[in-house]
Amino acid sequence: MLRVDPQQRRRLEEIIRNLGDRIEEARANGWLGEVQGLQIRLEAARNKLASLDGLTRTRNRAPVTLGMPIIRY
């Protein structure tokens, strides 16, 4: 899975809103198969947003010092 560019957060939020609107429209028209497909896409978009939030949180942490490896000849 590819990582989402943090600068595209607004676009991802817009996609999530749009999918919600499309799900409402599909339910109103009785397109049950379309509703199911859109819900899968909505869940995937929400997961990407959550992973983006997690990536942002981990980037704000201080680096971890692992130390120098000991190489024996």
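# Exercises on a two-helix model

Leaving out neighbours up to four places away in sequence, Ile-16 is in contact with Leu-42, Ala-45, Arg-46 and Leu-49. The model is predicted. Work through the exercises below with the structure in view.

**Exercise 1. Place Ile-16 in the fold and decide whether Ile-16 is buried or exposed.**

Step 1. Find the element. Ile-16 belongs to helix H1.

Step 2. Check the accessibility. The relative accessible area of Ile-16 is 14%. Buried means under 20%, so Ile-16 is buried.

Step 3. Take one partner, Leu-49. Ile-16 and Leu-49 are 33 residues apart along the chain, and their C-alpha atoms are separated by 9.3 Å.

Step 4. Turn to the partner's side. Leu-49 touches Arg-9, Leu-12, Glu-13 and Ile-16, with residues up to four places away in sequence not counted.

**Exercise 2. Find the residues that make up the largest nonpolar core, and say which helix gives the most to this core.**

Step 1. List the members. The core holds eleven residues in all: Leu-12, Ile-16, Leu-19, Ile-23, Ala-26, Val-35, Leu-38, Leu-42, Ala-45, Leu-49 and Leu-52.

Step 2. Assign them to helices. H1 (9-29) and H2 each supply at least two residues of this core.

Step 3. Name the main contributor. H2 gives the most, with six residues.

**Exercise 3. Describe where Glu-34 sits and which residues Glu-34 touches.**

Step 1. Locate the residue. Glu-34 is in helix H2, which covers residues 32-59.

Step 2. Classify the exposure. The relative accessibility of Glu-34 is 38%, so Glu-34 counts as partly exposed.

Step 3. Look for contacts. Beyond residues up to four places away in sequence, Glu-34 touches Arg-22 and Ala-26.

Step 4. Add a distance. Glu-34 and Arg-22 are twelve residues apart in sequence, and 9.1 Å separates them from C-alpha to C-alpha.

**Exercise 4. Decide whether Leu-2 is buried or exposed, and find how far Leu-2 is from Lys-48.**

Step 1. Locate Leu-2. Leu-2 lies in the segment before H1.

Step 2. Read the accessibility. Leu-2 has 75% relative accessibility, so Leu-2 counts as exposed.

Step 3. Compare chain and space. Leu-2 and Lys-48 are 46 residues apart along the chain, with 9.5 Å between their C-alpha atoms.

**Exercise 5. Work out why the protein chain is more spread out than a compact globule.**

Step 1. Count the elements. The protein chain has two helices and zero strands.

Step 2. Compare the radii. The radius of gyration is 20 Å, and the globule rule gives 11 Å for 73 residues. The value is well over the rule, so the protein chain is more spread out than a compact globule.

Step 3. Check the spans. Along its principal axes, the C-alpha trace extends over about 70 × 25 × 15 Å.

Step 4. Look at burial and surface. Of the 73 residues, 18% count as buried. The protein chain exposes about 6600 Å², with 52% of it supplied by carbon and sulfur atoms.

**Exercise 6. State what share of the contacts with a separation of 6 or more comes from residues 24 or more positions apart, and how far apart the mean charge positions are.**

Step 1. Take the contacts. Residues 24 or more positions apart account for 56% of these contacts.

Step 2. Take the charges. The protein chain has 14 positive and 9 negative charges, and their mean positions are 11 Å apart.

Notes:
Residues are numbered from 1 along each chain as its sequence is written. This is a predicted model: local features need pLDDT of at least 70, side-chain atom pairs count only at pLDDT 80 or more; totals for chains, interfaces and linings use all residues. Side-chain values use heavy atoms; hydrogens and water are left out. Helices (H or I, at least four residues) and strands (E, at least two) are DSSP runs, numbered from the N terminus. Buried means under 20% relative accessible area, exposed over 50%, partly exposed in between (1.4 Å probe, protein chains only). Contact means heavy atoms within 4.5 Å. A nonpolar core is a set of buried Ala, Val, Leu, Ile, Met, Phe, Trp, Tyr and Cys residues joined through side-chain atoms within 4.5 Å. The radius of gyration is taken over C-alpha atoms; the globule rule is 2.2 Å times the number of residues to the power 0.38. Accessible areas come from the Shrake-Rupley method with a 1.4 Å probe; for residues, only the protein chains shown count as cover. Lys and Arg count as positive and Asp and Glu as negative; His and the chain ends are not counted. The place of a charge is taken as NZ of Lys, CZ of Arg, CG of Asp or CD of Glu.
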